[in-house]
Amino acid sequence: MPITRRQALLTGAALAVSSTAGACGSSDAGSSGAEPLSDADLGAALKAGGSLTVWSWNEPLRKTVKDFMAKYPEVKVDLVNAGTNTDEYTALQNAIKAGKGVPDIAMIEYYALPQFTLAKSLTDLRELGAGKLKSAFSPGPWNAVGAGADGVYGLPLDSGPMALFYNKEVFDKHKIKVPETWEEYFAAAAKLHAADPKAYITNDTGDAGFTTSMIWQAGGRPYSVDGTKVGVDFADAGSEKFAGAWQRLIDDKLLAPVTSWSDEWYRGLGDGSIATLVIGAWMPSSLQLGVKSAAGKWRVAPMPQWEKGAGKSAENGGSSLVITEASAKKTLAYAFLRYATVGAGVQSRIDEGTFPATTEHLGSRAFQDKKVAYFGGQRINRVLAESAEQVASGWSYLPYQVYANSVFNDTVGKAYVGGRSLQEGLKSWQDASVEYGKEQGFTVQ
């Protein structure tokens, strides 16, 4: 009998608590107490060759794999798309539980990393030498691969520092100034909709990733994690600041009731009825591929601030590459990770539209000076790279964030269709997260 998506998530998250990665096999490196790998060790592994299985739905990684195998012909990399985000996570957890079919390397988004880390399903890459790579990455992604624990459980593949993407043609038509603060943003929302009732400042029907990122920028830290002890508190000042302000847009019906990534959403971004997006730095490639008709109309500005000039940002999305604890080829797998995340593979993915997490590329003149025709020739990477430097510190996700996000629309999402406020929705989300955590054996405050 097939299981539902919710059942699969439940099973997977339960595994995260109870499993200690029973699929582990013997490994060639990474044992506790072992010396970190040297460049000579990695070179020897690449020369000896072998095969690796990588699970990822990241399309630019395909070019990286191709280039890697061309440079190291003794290594064969089997790149498998095992599904997108939660579909892959469920498949990965099922493979770990079954003790077979576990890939050597997997792509895992930052918000989902703690779930696998706590289950001891991932290799602590410090044992392989990753500790010395801290300065190679911007602070947000590097903090994320720590996964709320004392270790390094992945290497950043990309990042999503947030910015304001806006339709300049719409702003110019209605003489709207690009907002620098959230108060100016809310005023722009009212002015735009009054001038054109079919136009909205943005869309939002409830999105867990957007909500947590906005709370992150507002200074909220609703999650605390200390091993199996977790805290969930959406009554903190930052969460209430966001919820109270965003509620004004809901009450005044200033948000387009359009779900992101739907056909209607793409049409709205193209015809100007959705005038802005506050979203991660990976968005340019999505606009260029999905909204070709709006070429030349969009621009990028810093994320609006709660206090003018504060210079605070947050991450929205982003993912890492991890080595599973079950892999028996950790040295070779780490050599591939190094190539893909800090080596030549970074530039090939940038060329394919990826926004990097590496300080070398974020700070390079070539990257920042690149004029992007779709955005009217604007040097958008300057804005996005600055946002990467401004990501606020101290954020944690729950070790069962995958499950928590799956029930967001059952709780907070109801605020968008009436019957409860955002603050009430966040309280309901908190209660559901606390209850689930206790059911899975966490000590939840």
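Helix axes here are lines fitted to C-alpha atoms over the stretch in contact, with angles running from 0 to 180 degrees between N-to-C directions. Keep that in mind as you explore this predicted model.

**Exercise 1.** Work out how helices α9 and α10 are oriented to each other: which word describes their angle, and which hand has their crossing?

*Solution.*
- Start with the axes: those of α9 (residues 208-217) and α10 (residues 237-251) come within 8 Å and cross at roughly 120°.
- Angles of 65 to 115 degrees count as roughly perpendicular and those over 145 as roughly antiparallel. The pair is therefore oblique.
- As for the hand, the crossing of α9 and α10 is right-handed.
- From α9, the residues F210, T211, M214 and I215 make the contact, and α10 brings G238, S239, F242 and W246.
- Sorted by class, this contact holds five nonpolar residues, three polar ones and no charged ones.

**Exercise 2.** Find the buried residues of helix α14, and say what covers them.

*Solution.*
- Look along residues 344-351, which form α14: G345, V346, S348, R349 and I350 are buried there.
- Their cover includes α3 (61-71), α13 (330-341), α15 (359-362) and α16 (365-368).
- Step just past the end of α14 and you meet G353, with a positive phi of about 110°.

**Exercise 3.** Decide how compact the protein chain is for its length.

*Solution.*
- First take stock: the chain has 20 helices and 13 strands.
- Its radius of gyration is 22 Å, close to the 22 Å that the globule rule gives for 445 residues, so the chain is as compact as a globular protein of that length.
- Buried residues make up 55% of the 445.

Note on methods
Residues are numbered from 1 along each chain as its sequence is written. This is a predicted model: local features need pLDDT of at least 70, side-chain atom pairs count only at pLDDT 80 or more; totals for chains, interfaces and linings use all residues. Side-chain values use heavy atoms; hydrogens and water are left out. Buried means under 20% relative accessible area, exposed over 50%, partly exposed in between (1.4 Å probe, protein chains only). Helices (H or I, at least four residues) and strands (E, at least two) are DSSP runs, numbered from the N terminus. Contact means heavy atoms within 4.5 Å. Angles under 35 degrees count as roughly parallel, over 145 as roughly antiparallel, 65 to 115 as roughly perpendicular and the rest as oblique. A crossing is left-handed if the near helix is turned anticlockwise from the far one by less than a right angle, and right-handed if clockwise. Ala, Val, Leu, Ile, Met, Phe, Trp, Tyr, Cys and Pro count as nonpolar, Asp, Glu, Lys and Arg as charged, and the others, Gly among them, as polar. The radius of gyration is taken over C-alpha atoms; the globule rule is 2.2 Å times the number of residues to the power 0.38.
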